[in-house]
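Got a model open and want to get your bearings? Let's go through it one question at a time.

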Amino acid sequence: YLSTRLISNQFADAVKPLSAGDRIRQITHPNFRCVDGTTAAQVLVDGLEPGMEDDGSFIVRPHILQDPRDRRRGFKLTWKMSSENQVILHEFVTEEGEIVGGEGGVAERLLLRGDTYSELDDVAANYVARCADLGSRMMQHRSYFHVASFTKKLDDSVLRKELERRTATNAGTLAYILSAAPNSDPNAAFTFCLSYQLPGRDLTKILIRLTPSGFRLAGRNFVDPLQLTKWWKRHLRKDFAQLVNQALSREREAARQAERNDRYHRHGRHRD
């Protein structure tokens, strides 16, 4: 019953289809499906299966090793941010600790985007549902512009054309665009993009990171897109993009340091 229409490559999960020779792990959960990423995305976009119609719907699926050097332990999670815009995301959930519930269970600690969850329903309620709600709010913002044709990067010419149209319609105001920003790194957090062009300057694109607690911009957290854009307008200046990039660099370095410390603790080694 699956639709044959293609889903934008930005949401494709680069994995091989399941084959008869694959040893498939089964997980005991109502949303577990023994499917690959492409099929999972089609099920969610079509919404024909009971319980898969709404934004925030998700599918738990097995992780098939693509590389014998891959030592990750976990499973895949495919979830729907937006039915209207066909925004489907694929996540890898890392498992740590003992398996709970015997055969078909999952580990006692589930790691996703730097946070730890106790069970699958915890992931669904405190990661998927929250991110889907925040993503929906962003896509309902009056300045949101969904570029359906992009794959790995936003097309600057499309953004410039739309900014010109908005500037002509609202003379005297600074036009800006909020849009989904595809990321070629499957391990990177989902991001939105704020695009604008000051007089005499080139197009500026600023990434906004989506987390379960809100939108991260310039080291700050916003739970409402309107709150975010108002803050941006108040602090807008020519070096704003530089300030944002500096904040992102600090966040990335903090994340790398946390990962290094975690590795030390896992192996029983402690720093001086």
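## Charges, turns and pairs

Glu53, Asp54, Asp55 and Glu84 come together on the surface as a patch of negative charge. Keep in mind that this is a predicted model.

Q: Is Asp54 buried or exposed?
A: Asp54 sits in the loop between α1 (37-46) and β1 (58-61). Its relative accessible area is 53%. The cut-off for exposed is over 50%, so Asp54 counts as exposed.

Q: Which residues gather in a patch of positive charge on the surface?
A: One of them, Arg234, is found in helix α4 (residues 225-235). Arg234 has 62% relative accessibility and so counts as exposed. The full patch of positive charge is Arg142, Lys230, Lys233 and Arg234.

Q: How many helices and strands are there in the protein chain, and what share of its residues count as buried?
A: The protein chain has 5 helices and 10 strands. A residue is called buried when its relative accessible area is under 20%. Of the 272 residues in the chain, the buried share is 45%.

Q: What part of the accessible surface of the protein chain belongs to carbon and sulfur atoms?
A: The accessible surface of the chain adds up to about 15,300 Å². The part that belongs to carbon and sulfur atoms is 49%.

Q: Among contacts with a separation of 6 or more, what share comes from residues 24 or more positions apart?
A: A contact here takes heavy atoms within 4.5 Å. In the protein chain, pairs 24 or more positions apart make up 51% of the contacts with a separation of 6 or more.

Q: Where is Gln86 found, and what is its phi?
A: Gln86 is in the loop between β2 (74-82) and β3 (87-100). At 26% relative accessibility, Gln86 is partly exposed. Gln86 isn't a glycine, yet its phi is positive, near 55°.

Q: What is the phi of Arg113?
A: Look in the loop between β4 (106-112) and β5 (115-117) for Arg113. Arg113 is partly exposed, with a relative accessible area of 33%. Though not a glycine, Arg113 has a positive phi of about 55°.

Q: How many salt bridges does a search of the whole structure find?
A: Side chains of opposite charge can pair when their charged atoms come close. To count, a side-chain nitrogen of Lys or Arg must be within 4 Å of a carboxyl oxygen of Asp or Glu. Searching the whole structure gives 10.

Q: How far apart are the closest N and O atoms of Arg109 and Glu96?
A: Arg109 and Glu96 form a salt bridge. Arg109 lies in strand β4 and Glu96 in strand β3, so this pair ties together parts 13 residues apart in sequence. Arg109 is partly exposed at 35%, whereas Glu96 is buried at 17%. Their closest N and O atoms are 3.6 Å apart.

Q: Where do Asp133 and Arg137 lie, and how far apart are their closest N and O atoms?
A: Asp133 and Arg137 are 4 residues apart in helix α2 (residues 120-139), which means about one helical turn separates them. Asp133 is partly exposed at 37%, and Arg137 is partly exposed at 34%. The closest N and O atoms of their salt bridge are 2.7 Å apart.

Q: Which residues do salt bridges that share partners join into one network?
A: Arg109 pairs with Glu96. Arg109 also meets Glu108 in a salt bridge, at 3.8 Å from N to O. Shared partners therefore join these into one network: Glu96, Glu108 and Arg109.

Key. Residues numbered from 1 in each chain as written. Predicted model: local features only at pLDDT ≥ 70, side-chain atom pairs only at ≥ 80, totals over all residues. Heavy atoms only, no water. Patch = residues over 30% accessible without salt bridge, like charges linked within 9 Å, V, L, I, M, F, W, Y side chains within 5 Å. Areas by Shrake-Rupley, 256 points an atom, 1.4 Å probe, with all protein chains shown as cover. Lys, Arg positive; Asp, Glu negative; His and termini not counted. Charge placed at Lys NZ, Arg CZ, Asp CG, Glu CD. Helix = DSSP H or I, 4+ residues; strand = E, 2+ residues; numbered from the N terminus. Buried < 20%, exposed > 50% of the residue type's maximum accessible area, 1.4 Å probe, protein only.
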